[in-house]
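Trainee: I should like to learn how to read the main features of a structural model. May we take them one at a time?

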Amino acid sequence: MLRMPTVNDYDVLAEGYDAANESGLANAYYERPATLALAGEVTGRQILDAGCGSGPLLAELRDRGAVVTGVDASAGMLGLARRRLGDTVELRVADLRDPLPFGDGMFDDVVASLVLHYLEDWGPTLAEFRRVLTPGGRLIVSVDHPFAIFAMHRMSGNRVDYQATYQWSEEWTMGGRTVPMSFWNRPLRAMTDAFTAAGFRISVISEPHPVEAARDLFPEEFEALSTAPSFLFFVLTVD
């Protein structure tokens with residue numbers, strides 16, 4: 001029987017996505033450096049990478065002195081993370097729509113890197129992030145930039161409403177494998193409302209540039225990304 005492709009199947013994409021994440025402009029020269037810059041000095045901090053994938057951000061945080069833990073819904077991606085990180089880092093399979101398998105106040109920081117835009121309802125997930133953070137802890141978030149997604153759809157003739165929260169999809173082909181991917185786009189207002197409703201204080205909203213090293217490696221893409229950001233970043237704190 002022909003197996004129908006599963007939406008957002010990172011087990012199938014794992015090897016190809018990991019290779020793209022390792023050296024591609026969007027992740028290696030834009031999203032990951034921006035997240036690390038927002039995290040700042042992390043020596044000794046207990047950090048949960050929620051949606052850690054194959055672990056490149058976990059590795060960077062660990063190498064900067066943090067005590068790191070990772071969760072991801074994809075066992076395939078966690079297998080690659082284990083290969084990258086060895087046996088000294090705690091990694092668990094966990095769906096961010098469900099309660100996290102950790103006690104209250106266990107982490108100084110939670111990092112949610114390009115993961116919330118897969119979720120329709122942010123409320124339960126943000127509540128769990130707040131629960132596992134210590135008082136004074138931080139949630140560092142990156143998501144698809146809502147206006148970049150809106151502009152992409154408008155340019156393709158899809159008359160979406162920027163003010164609405166809506167689901168959209170596309171196909172990703174990586175490592176010779178093709179998987180349908182599904183996302184939720186929401187306006188900035190809906191994001192900030194969700195953060196404050198969950199008890200977070202918004203400390204930073206950032207639209208960074210790619211790092212300068214990418215200019216020679218990806219000249220055309222560098223110029224485009226420098227003038228039209230594709231991701232939006234937040235630092236949120238718990239009082």
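Mentor: The discussion below covers the sheet, the helices, the cavity and the aromatic pairs. Please keep in mind that this is a predicted model.

Trainee: Let us begin with the sheet. What is the order of the strands in the open sheet?

Mentor: As a general idea, strands of a sheet pair through backbone hydrogen bonds, either parallel or antiparallel. Here, seven strands form an open sheet in the order 3-2-1-4-5-9-8, and the pairing is mixed. Strand 3 (90-93) and strand 8 (201-206) are the edge strands, each pairing on one side only. From one strand to the next, the twist averages 15 degrees.

Trainee: In which sense do strand 5 and strand 9 pair?

Mentor: Strand 5 (residues 133-144) and strand 9 (residues 231-237) are antiparallel, with seven bridges between them. One bridge to look for joins I140 to its partner V235 in strand 9.

Trainee: Which strands does helix 2 lie across, and which does helix 3 lie across?

Mentor: Helix 2 (residues 25-39) lies across strand 4 (107-113), strand 5, strand 8 and strand 9, and runs at about 20 degrees to strand 9. Helix 3 (residues 56-63) lies across strand 1 (46-50), strand 2 (67-72), strand 3 and strand 4, at about 170 degrees to strand 2.

Trainee: How many cavities of 30 Å³ or more are counted, and which residues line the largest cavity?

Mentor: Rolling a probe the size of a water molecule over the atoms shows where empty space is left. The count here is one cavity of 30 Å³ or more, and the largest cavity holds about 40 Å³ of space. Its lining consists of H117, W122, V143, D144, W184, N185, R186 and M191. Strand 5 and strand 7 (177-185) are the elements giving two or more residues to this lining. By class, the lining residues are four nonpolar, two polar and two charged.

Trainee: How many aromatic pairs are there, and how are the planes of W172 and F183 arranged?

Mentor: There are 16 aromatic pairs. W172 and F183 form a tilted pair, 5.8 Å centre to centre with 40 degrees between the planes. W172 belongs to strand 6 (residues 166-174) and F183 to strand 7, so this pair ties together parts that are 11 residues apart in sequence.

Definitions and conventions: Residues are numbered from 1 along each chain as its sequence is written. This is a predicted model: local features need pLDDT of at least 70, side-chain atom pairs count only at pLDDT 80 or more; totals for chains, interfaces and linings use all residues. Side-chain values use heavy atoms; hydrogens and water are left out. Two strands pair if DSSP finds at least two bridges between them. Helices (H or I, at least four residues) and strands (E, at least two) are DSSP runs, numbered from the N terminus. Axes are lines fitted to C-alpha atoms, for helices over the stretch in contact, and angles run from 0 to 180 degrees between N-to-C directions. Contact means heavy atoms within 4.5 Å. On a 1 Å grid over the protein atoms alone, a cavity is a set of points where a 1.4 Å probe fits but cannot get out, and a pocket is an open set with protein on both sides within 12 Å along at least five of seven lines; lining residues have an atom within 4 Å of a point. Grid points are joined across faces, edges and corners, and a volume is the space filled by probe spheres set on the points. Ala, Val, Leu, Ile, Met, Phe, Trp, Tyr, Cys and Pro count as nonpolar, Asp, Glu, Lys and Arg as charged, and the others, Gly among them, as polar. Rings of Phe, Tyr and Trp (its six-membered ring) pair if their centres lie within 6.5 Å; planes under 30 degrees apart count as stacked, over 60 as edge-to-face and the rest as tilted.
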